[in-house]
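Me: I am new to reading protein structures, and I would like to go through this one slowly, asking how each description is justified.

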Amino acid sequence: MTQAGSKIVMSGASPLYNTYARIPLNFERGEGVWLVTDNGERYLDFAAGIAVNALGHAHPHLVAALKEQADKLWHLSNLYQVAGQETLAERLVAHTFADRVFFNNSGAEALECAIKTARRYHYAKGNPEKIDIITFEGAFHGRTLATIAAGGQAKYMEGFGPKAPGFRQISAGDVEALKAAVNEETAALLIEPIQGEGGIRLIDKAYLQAMRAVCDEHDLLLIFDEVQSGVGRTGTFFAYEQTGVHPDIMAIAKGIGGGFPLGACLATEEAASGMVPGVHGTTFGGNPLAMAVGNAVLDVVLEDGFLTHVKDMALIFRQGLAELQDRYPDVIAEIRGEGLMLGIKASVPASELVAAMRDEHVLAVPAGDNVIRLLPPLIVSAEDVRNGLDHISKAAEKLHTAQISSQQTA
Ligand SMILES: *Cc1c(COP(=O)(O)O)cnc(C)c1O
């Protein structure tokens with residue numbers, strides 16, 4: 001230990017908060033679907049920064065957009081017009097259910113705005129008591145004090161004081177339980193159409209339709225969290241398009257910035273009616289750099305054929321994974337998901353499969369329910385998918401062999 005001023009500095013220890021068990025890999029640069037370490041080792045990046053690097057790394061169109069904007073203007077306060085915001089919002093509105101957009105910097109902030117929008121809607125209509133948001137078991141909505149309460153998972157709330165009021169979890173799937181949960185204080189229902197960190201769990205379309213009907217009947221707002229499932233990830237611009245149900249409010253982030261911090265809350269004109277001058281704000285949200293990149297992401301994602309490409313790659317991936325499941329049922333229990341938001345439910349501890357895949361230089365993300373998320377950049381090629389499947393197969397083979405030898409010695 002050395003003295004640095006009045007502080008005691010542990011030599012060798014990281015000055016960072018100790019909140020992540022970080023994997024000791026030093027990535028120095030990225031090229032498309034690849035990440036390259038400082039030793040020049042290449043990893044197939046099927047984690048994509050947890051669905052953030054939707055167009056992979058160093059996509060030339062995004063790099064050019066960021067550099068061009070960097071030479072002009074970095075930051076403006078929301079006290080002034082920000083041209084890129086108007087453009088990006090117009091494009092989001094043109095391609096979704098929404099009429100209004102509020103830009104911010106992250107998924108949790110987009111959810112905070114969604115929650116505030118819902119409560120303010122009822123407040124403006126003379127119903128200030130309607131503040132409760134019904135959410136769902138296994139949900140993940142972020143790490144702010146409100147969004148951990150919305151997610152309702154004890155592991156994220158423990159030690160952070162009382163749970164923020166106005167959030168109640170029920171389990172998805174039971175329509176009668178949903179109807180019974182609604183009361184005079186209910187403001188909105190909030191759900192991920194596909195739970196991401198909860199383990200790539202698809203919510204039944206019939207249940208989503210029942211949620212819409214309950215909202216219409218009781219004048220509640222339906223909020224979708226498409227922070228992970230949005231922006232082409234599932235083969236449509238947003239996952240809700242495949243459900244026949246549209247929300248009133250939607251939180252997005254991750255893929256929309258392609259790696260630049262960017263989130264947004266989308267709403268219908270009516271749902272946003274309580275959000276009047278002065279009631280909400282942000283310093284950095286909708287910053288010109290973020291808008292330049294967000295618009296560049298949409299240039300690519302909304303191009304003819306791009307979403308078809310996502311669906312085509314998803315099909316190849318899905319079929320390959322199903323074959324691996326047939327071959328190694330003692331390692332792979334189930335394949336889940338939609339588009340390029342895929343999950344492998346493992347028969348071994350998911351962390352072992354993630355580590356075995358990493359040994360094979362394929363990156364994936366663990367999730368709840370013993371699931372491994374595969375979230376490749378949407379620009380992934382058929383060759384990349386087959387390459388990835390070969391390496392996932394090798395990882396599964398190793399774990400399969402290890403299982404057999406441990407059974408033989410037992
Ligand atoms: C990642 C995520 C969030 C939180 O986003 P942050 O940018 O980390 O705040 C919220 N909801 C879902 C579904 C997510 O996947």
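**Reading the descriptions step by step**

Reply: Leaving aside neighbours within four places in sequence, K254 is in contact with I50, A51, V52, V227, Q228 and L262. Please keep in mind that this is a predicted model.

Me: What makes these residues count as contacts of K254?

Reply: Contact means heavy atoms within 4.5 Å, and I50, A51, V52, V227, Q228 and L262 are in contact with K254 in that sense. K254 itself is found in the loop between β13 (249-252) and β14 (263-267), and UniProt, in an unreviewed entry, places the feature "modified residue: N6-(pyridoxal phosphate)lysine" at K254.

Me: Why is K254 called partly exposed?

Reply: Buried means under 20% relative accessible area and exposed means over 50%, with partly exposed in between; K254 has 21% relative accessibility, so it counts as partly exposed.

Me: How do you know whether I50, one of the contacts of K254, is buried, partly exposed or exposed?

Reply: The relative accessibility of I50 is 33%, and therefore I50 counts as partly exposed. I50 is found in helix α1 (residues 48-51), and its phi is near 60 degrees, a positive value in a residue other than glycine. A positive phi, near 55 degrees, also belongs to D219, again a residue other than glycine, whose place is in the loop between α8 (205-218) and β12 (221-225).

Me: What makes β6 and β8 the edges of their sheet?

Reply: The open sheet has 7 strands in the order β6-β14-β13-β12-β9-β7-β8, with mixed pairing. β6 (100-104) and β8 (167-170) each have a single partner strand, so one side of each is left without a neighbour in the sheet, and they stand at the edges. Neighbouring strands of this sheet are turned by 20 degrees against each other on average, direction ignored.

Me: How do you know that β9 and β12 count as a pair?

Reply: Two strands pair if at least two bridges are found between them, and strand β9 (residues 186-191) and β12 have 4 bridges, in the parallel sense. Within this region, A188 stands opposite L221 in β12.

Me: Why is N104 called buried?

Reply: The cut-off for buried is under 20% relative accessible area, and N104, with 2%, is therefore buried. N104 is found in strand β6, and, not counting residues up to four places away in sequence, it touches several residues, among them E109, A110, C113 and L262.

Me: What makes the approach of N104 to E109 a polar contact?

Reply: A polar contact is a pair of N or O atoms within 3.5 Å, where one must be able to donate a hydrogen and the other to accept it. The backbone oxygen of E109 lies 3.3 Å from a polar atom of the side chain of N104, a distance within that limit of 3.5 Å.

Me: How do you know that the length of helix α12 agrees with what is expected?

Reply: At 1.5 Å a residue, the 28 residues of α12 (residues 382-409) should span 40 Å, and because the end C-alpha atoms are 41 Å apart, the two values agree. The buried residues of α12, including D384, V385 and G388, pack against several elements, among them α10 (306-327) and β16 (341-346).

Me: What makes A314 a buried residue?

Reply: A314, whose place is in helix α10, has 9% relative accessibility and so counts as buried, the cut-off being under 20%.

Conventions:
Residues are numbered from 1 along each chain as its sequence is written. This is a predicted model: local features need pLDDT of at least 70, side-chain atom pairs count only at pLDDT 80 or more; totals for chains, interfaces and linings use all residues. Side-chain values use heavy atoms; hydrogens and water are left out. Helices (H or I, at least four residues) and strands (E, at least two) are DSSP runs, numbered from the N terminus. Buried means under 20% relative accessible area, exposed over 50%, partly exposed in between (1.4 Å probe, protein chains only). UniProt positions are given in the numbering used here, feature names are shortened, and annotations may be inferred rather than shown by experiment. Axes are lines fitted to C-alpha atoms, for helices over the stretch in contact, and angles run from 0 to 180 degrees between N-to-C directions. The expected span of a helix is 1.5 Å times one less than its number of residues.
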